[in-house]
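Trainee: Got a minute? I'd like to go through this structure with you.

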Amino acid sequence: MAKKRLRLTVNGVLIDREVEESLRLLDVLRDELFLTGTKEGCGIGECGACTVILDGKAVNSCMVLALSADGGVVETVEGLGSPDRLHPLQASFLDHHALQCGFCTPGMLMSAKALLDEDPRPSEEEIKKAIAGNLCRCTGYVQIVEAIKDAARRRSPSEV
Amino acid sequence: MTAPDTHRIDALEKVTGQAKFAGDLRLPGQIAGKVLRCQQAHARIRSVDIFTAIKAPGVLSVLLADDLPAASAWSTYPFLTKERVLYQGDVVALVAAESEPAAEAALAAIRVEYELLPAVLSIEEALREDTIVLHPGRKDNWVDNSHWPVRKGNVEEGFACSEIVLEREYQTSHVEHAYIEPEAVLATTGWDGSLIVYGATQNPFNARRAVAAATGYSLGRVRVIQQPVGGSFGGKEESMGLLAGRAAILCLKTGRPVRMVYGREESIIESAKRHPFRFRYKAGARRDGRIMALQAELVDEGGAYNFQAQFMNWRACVHAAGVYRIPHVKVDVYAVHTNRVFGGAMRGYSSPQIIFAQESLMDELAGELGMSPLELRRVNFLHEGDETITGQVLTEPVNAEKVTLRALELSDYLRKKVAYAEQDPDDQVRRGIGFATSFRGCGLGAEAPDATGAIVSVREDGSIIVCSSLTDIGQGLQTAHARLAGEELGVCPERIVSKTVDTGIVPDGGMTVASRGTFSGGKPVVMAAAQIKKILFALAAKKLNSAPEDLNAAEDWIFVRQDPERRVSFDEIVTAAFRNGCQLSVTGWFQPEPVAWDRSTGQGDAFSSYAYTCVVAEVEIDRITGVAAVKRLVSVHDVGRVVHAGAAEGQVYGGMAMGLGMALMEEISFNKGLITNDNFDKYMIPTAADMPEAYLEFIPSDGNSGAGGAKSLGEAALEAVPAAIANALAAASYRIRSLPAFKEEFWANLGEDQKGLVRTCSNSNL
């Protein structure tokens, strides 16, 4: 196995290091950068627990070879907001109790953020479609959809 | 009355990605552990060659069954198998290596020679007279202690006085828990030579038992620390014990911390599934709808190993006849071994399967009698003072009829039922509406002592820590316990924190199962908080020149009840108590009264309290594409008092999704005993796009035995959903007697549509 140079901007911080060619973006985030908020649930791009935003698009980071993202801009849940400065989505997930075990939550939040970044006022159907690749076994999605709707309202209140 | 919902106690860590699940933990020097699975349904191990594997780069240890102090955990689950493998997930060798790839390379280098044996692959095969008996020393494949009978009245007499007798057979399939977090542990040693295992475990005390068995350590030298659990639903029990035991062995052999994390495929191949059932029901009724007799044989597939059916089938026998008053009953529940993945606890613990069969039977019987599903149920519903099939006289409020009527009202059932019955039979899309009503015994009941504990500690600054013996596995138990402790102490919930279970700290309060986390688990929390309150009130009384019994506490103040202006802050009294050397940490323990149960007749007081549920489902079936979709679900519950509305609603919505999956999508499929859909590309669970419109309501209800008046919800939320969907499909002319109802069945039914396919409800009068 050979190592190659990888440059990424992760949550606003420039990363420049040698990584194994075989590593997935998920591995680099979790094992090299210790950003363990991004989870692995299936390893085949079906469950969405590993969703991050790469160059503005939500992607399954288990399906992205790290080196193929060289030069890219990555956002993970750790960059979304901090406990004292929550992103509107995070605040809304708290208010709507839109989580239970919390394992799918980071991926769900990142899919939702990618959606709202692109379309600040999505319809309920568009929200459901945007998170249809994020499996949740606990919540039945109802409170999650409510939380995303509410976050959209909070982000652009003038359009309410 | 319920206070406004505060945020869940664990929510901030979870939305910021800071919650550390077991697979997120790292220790210096940690190595990777892996297992070699046999991938055989049934075989004898002729030889295992580890010579090459042990010399592979980075490999630290390769272990076989003989290297372990004990080969199996309690019951018969093997950590490692030596002679004969009984299902695909059985493990032949353990590997520890410096990295995951090195461990995988070592696994690939192990050579195992198997002698294939004929396999038992279904309930029918297990019961055949000439079957192979899988476990030595047995005369048949029945799972030990899994037979639970109910004998009430005289069933022959009951059928003799019935005017209509209906016999039906129903079946259900293996269902996967599909928690999104696969199993994970990290095992290390403490400075005192003890073993410490961090794990995604639903029942840390079971994992501790398994680690002790695998290593030969005493329970006192094993500490299992639960990390946040990424979903469990009854699933992270057996397989987590096996995983923890294996990691502990590798840790002791290598002297290094061992991390073991399953991929999805391993998780699905090894872990327990919802037991598939075969139901044979025979019901007898008078023309006026009174059910006179019920005879039922319920057989579940235990798979290769089992320590659940012997307990689960007890619950099954209690609930086998549903929420109805029936004078003559004969029920037999038993499980059989096969060479397929083992059955285990899964949300509902037999009830979703049983309610599907038994509530389908009610609708079919209504059809035979020319009554509506509602009419038949109203004739037979249990009410206060009635006797259940186990001879228990119900003394608490019985709300089966109440939740049903409310759910039908909320769903506009009566009007829609008429409208859908008048659909043009040639329409491409056919609509149906149906419902199911159920009850659920709360907690463990007569299955096992429902005892449990909790430690409540108040710190000198007034902050409070609640440590329950029961686990929060996502359902929000810590939040509920904090709410109960806060109410008892009269403080705002913000000052309360909660810890996950550490078996080195809290007493063994048994398993977090049977929807008993709040119902029973809340009791020692309230008891411990009450004792601390008593200590604080004694001090406060002196300060306020009052008597302790005249005091009250609310919103962080302790005050004289008749004169609330005479008050002292909680913080001030806590500080004084600390400086005076008062006890500010109390272990609460709840021990229920013993329950009498006659095993030979299945008679006794099964549960102290029951929760009641009705679910109404609306479906649409596209007769050309064969696609059935659930359009709307209405779920009405009597769960006593709702402790935290947001968390409770989440349970109901989650139960709807899981029930919908069980009804229409989910089935573990096999090829010669080996699982063929071991990841989410082939095993489908509902996504956000599959969710129907969802409505729920909790009816007001008190007078039950639960902590703070709260009954069970987690399992009740799910269990009537598949039955309601099945009855809605039947109302649309598609009576499904086997779950799940895949679209192929609707295609298959298409041609027979005119040939008198069972149309139970089409001719009923409302």
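Mentor: Sure, one term before we start: two residues are in contact if their C-beta atoms, placed from the backbone, lie within 7 Å. With that rule, 45 residues of chain B are in contact with 43 residues of chain A.

Trainee: Is this from an experiment or predicted, and how does the numbering work?

Mentor: It's a predicted model, where local features need pLDDT of at least 70, side-chain atom pairs count only at pLDDT 80 or more, and totals for chains, interfaces and linings use all residues. Residues are numbered from 1 along each chain as its sequence is written, while chains are lettered from A and ligands numbered from 1 in the order in which they are written.

Trainee: Back to the side of chain B that touches chain A. Which helices each supply at least two residues there?

Mentor: Those are α1 (11–15) and α17 (645–664) of chain B. Helices here are DSSP runs of H or I with at least four residues, strands are runs of E with at least two, and both are numbered from the N terminus. The largest share of that side comes from α17(B), with seven residues.

Trainee: And how many of the residues on that side are nonpolar, polar or charged?

Mentor: They divide into 22 nonpolar, 14 polar and nine charged. For this split, Ala, Val, Leu, Ile, Met, Phe, Trp, Tyr, Cys and Pro are nonpolar, Asp, Glu, Lys and Arg are charged, and the others, Gly among them, are polar.

Trainee: Okay, chain A now. What's in it?

Mentor: Chain A has five helices and five strands, and along the sequence the pattern reads β-β-α-β-β-β-α-α-α-α. Its radius of gyration is 16 Å, close to the 15 Å that the globule rule gives for 160 residues, so chain A is as compact as a globular protein of that length. That radius is taken over C-alpha atoms, and the rule is 2.2 Å times the number of residues to the power 0.38. The C-alpha trace spans about 50 × 30 × 25 Å along its principal axes.

Trainee: In what order do the strands of chain A sit in the sheet?

Mentor: The order is β2-β1-β5-β3-β4, in an open sheet of five strands with mixed pairing. Two strands pair if DSSP finds at least two bridges between them. β2 (13–20) and β4 (57–60) of chain A stand at the edges with a single partner strand each, so one side of each has no neighbour in the sheet. On average, neighbouring strands are turned by 40 degrees against each other, direction ignored.

Trainee: Can you zoom in on one pair?

Mentor: Take β1 (residues 3–10) and β5 (residues 73–75) of chain A, which pair in the parallel sense over two bridges. A:Val10 has A:Val74 in β5(A) as its bridge partner. Helix α3 (residues 105–118) of chain A packs on the sheet, touching β3 (51–54), β4 and β5 of chain A, and its direction makes about 35 degrees with that of β3(A). The axes behind such angles are lines fitted to C-alpha atoms, for helices over the stretch in contact, and angles run from 0 to 180 degrees between N-to-C directions.

Trainee: Switching to chain B. How many helices and strands does it have?

Mentor: Chain B has 20 helices and 32 strands. It is divided into domain 1 (12–117 + 178–270), domain 2 (348–442 + 609–752) and domain 3 (446–590), with bounds from an automatic or database domain assignment. The centres of domain 1 and domain 2 of chain B, taken over C-alpha atoms, are separated by 38 Å. Their contact takes nine residues from domain 1 and 10 residues from domain 2 of chain B.

Trainee: What about β6(B), how many of its residues are buried?

Mentor: The count is zero among its six residues, so to speak hardly covered. Buried means 20 or more other C-beta atoms within 10 Å of a residue's own, exposed means 12 or fewer, and partly exposed is in between, with C-beta atoms placed from the backbone. Strand β2 (residues 43–49) of chain B pairs with β6(B) in the antiparallel sense over six bridges, and B:Ile45 stands opposite B:Tyr114 in β6(B).

Trainee: And B:Val120, buried or exposed?

Mentor: B:Val120 counts as buried because it has 27 C-beta neighbours inside 10 Å. Its place is in the loop between β6 (111–116) and α4 (123–127) of chain B. Leaving aside neighbours within four places in sequence, its contacts include B:Thr131, B:Leu134 and B:Asn339.
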